[in-house]
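Here are my notes on this one, written as numbered points. Keep the viewer open while you read.

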Amino acid sequence: MTRTEFEYFVVKRYAMSLPDFITMKKQQEALFDYEIAALVNVSPWQIAKLIH
């Protein structure tokens with residue numbers, strides 16, 4: 001999944017931008033990268049790459 005497809009999926013499914021989605025999941029829900037990846041069906045390294 002490309003970054004553009006990933007962003008589109010998050011906006012469509014969760015009605016928020018990708019940075020907002022990741023921030024919310026990391027800070028408010030205290031999820032790990034692999035848990036966020038499981039929610040959106042991508043690999044954990046893609047989440048880690050987006051964060052850094």
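What is the mean pLDDT of the protein, and what share of its residues reach 70 or more?

1. **Confidence.** Start here, since this is a predicted model. The mean pLDDT is 91, and 100% of the residues reach 70 or more. Broken down by element, confidence is lowest in α4, with a mean of 89, and highest in α3, at 92.

2. **The inward side of α2.** Have a look at helix α2, which covers residues 18–28. Its buried residues are L18, F21, I22 and K25. They sit on the same side of α2, because the arc they cover around the axis is only 95°. As a general reminder, an α-helix has 3.6 residues a turn, so residues three or four places apart point the same way. The buried residues of α2 pack against α1, α3 (33–40) and α4 (44–51). Turn to the other side of α2 and you find P19, Q27 and Q28 exposed.

3. **The core.** Which residues make up the largest nonpolar core? There are 11 of them: F6, V10, L18, F21, I22, L31, I36, A37, V40, V42 and I47. Helices α1, α2 and α3 are the elements that give two or more residues to this core. V10 is a handy one to click on: leaving aside neighbours within four places in sequence, V10 is in contact with A15, M16, S17, L18, F21 and V40. Among those partners, L18, F21 and V40 are also listed in the core.

4. **Salt bridges.** How many salt bridges does a search of the whole structure find? The search turns up three. In general, side chains of opposite charge can pair when their charged atoms come close.
   - R3 with E7: the closest N and O atoms are 2.9 Å apart. Both residues belong to helix α1 (residues 3–14), and because they are four residues apart there, about one helical turn separates them. E7 is partly exposed, at 29% relative accessibility.
   - K25 with E29: here the N to O distance is 3.2 Å. K25 is buried, with a relative accessible area of 8%, while E29 is partly exposed at 39%. K25 is the lysine already met among the buried residues of α2, so do look at how this side chain is placed, given that its relative accessible area of 8% is under the 20% cut-off for buried.
   - K26 with D33: the closest N and O atoms are 2.9 Å apart. K26 comes out as partly exposed, at 33% relative accessibility.

5. **Aromatic pairs.** Are the ring pairs tilted or stacked? The whole-structure search gives two aromatic pairs. In the pair of Y14 and F21, the ring centres are 4.7 Å apart and the planes are at 35°, so this pair is tilted. Y14 is partly exposed, with a relative accessible area of 23%, whereas F21 is buried at 0%. The rings of F32 and Y34 have their centres 5.9 Å apart and their planes at 5°, so that pair is stacked. F32 is exposed, with a relative accessible area of 52%.

6. **Positive phi at two alanines.** If you run a backbone check, two residues deserve a glance. A15 has a positive phi of about 55° although it is not a glycine, and A15 lies in the loop between α1 and α2. A15 is exposed, at 69% relative accessibility, and is one of the contacts of V10. A30 likewise has a positive phi of about 55° without being a glycine. A30 comes just after α2, in the loop between α2 and α3, and is exposed with a relative accessible area of 54%.

7. **A distance to check in your viewer.** How far apart are the C-alpha atoms of E35 and W45? They are separated by 12 Å, with the two residues 10 apart along the chain. E35 has its place in helix α3 and is partly exposed, at 27% relative accessibility.

Methods
Residues are numbered from 1 along each chain as its sequence is written. This is a predicted model: local features need pLDDT of at least 70, side-chain atom pairs count only at pLDDT 80 or more; totals for chains, interfaces and linings use all residues. Side-chain values use heavy atoms; hydrogens and water are left out. A salt bridge is a side-chain nitrogen of Lys or Arg within 4 Å of a carboxyl oxygen of Asp or Glu. Buried means under 20% relative accessible area, exposed over 50%, partly exposed in between (1.4 Å probe, protein chains only). The arc is that of the directions from the helix axis to the C-beta atoms. Contact means heavy atoms within 4.5 Å. pLDDT is the predictor's confidence in each residue, from 0 to 100. Rings of Phe, Tyr and Trp (its six-membered ring) pair if their centres lie within 6.5 Å; planes under 30 degrees apart count as stacked, over 60 as edge-to-face and the rest as tilted. A nonpolar core is a set of buried Ala, Val, Leu, Ile, Met, Phe, Trp, Tyr and Cys residues joined through side-chain atoms within 4.5 Å.
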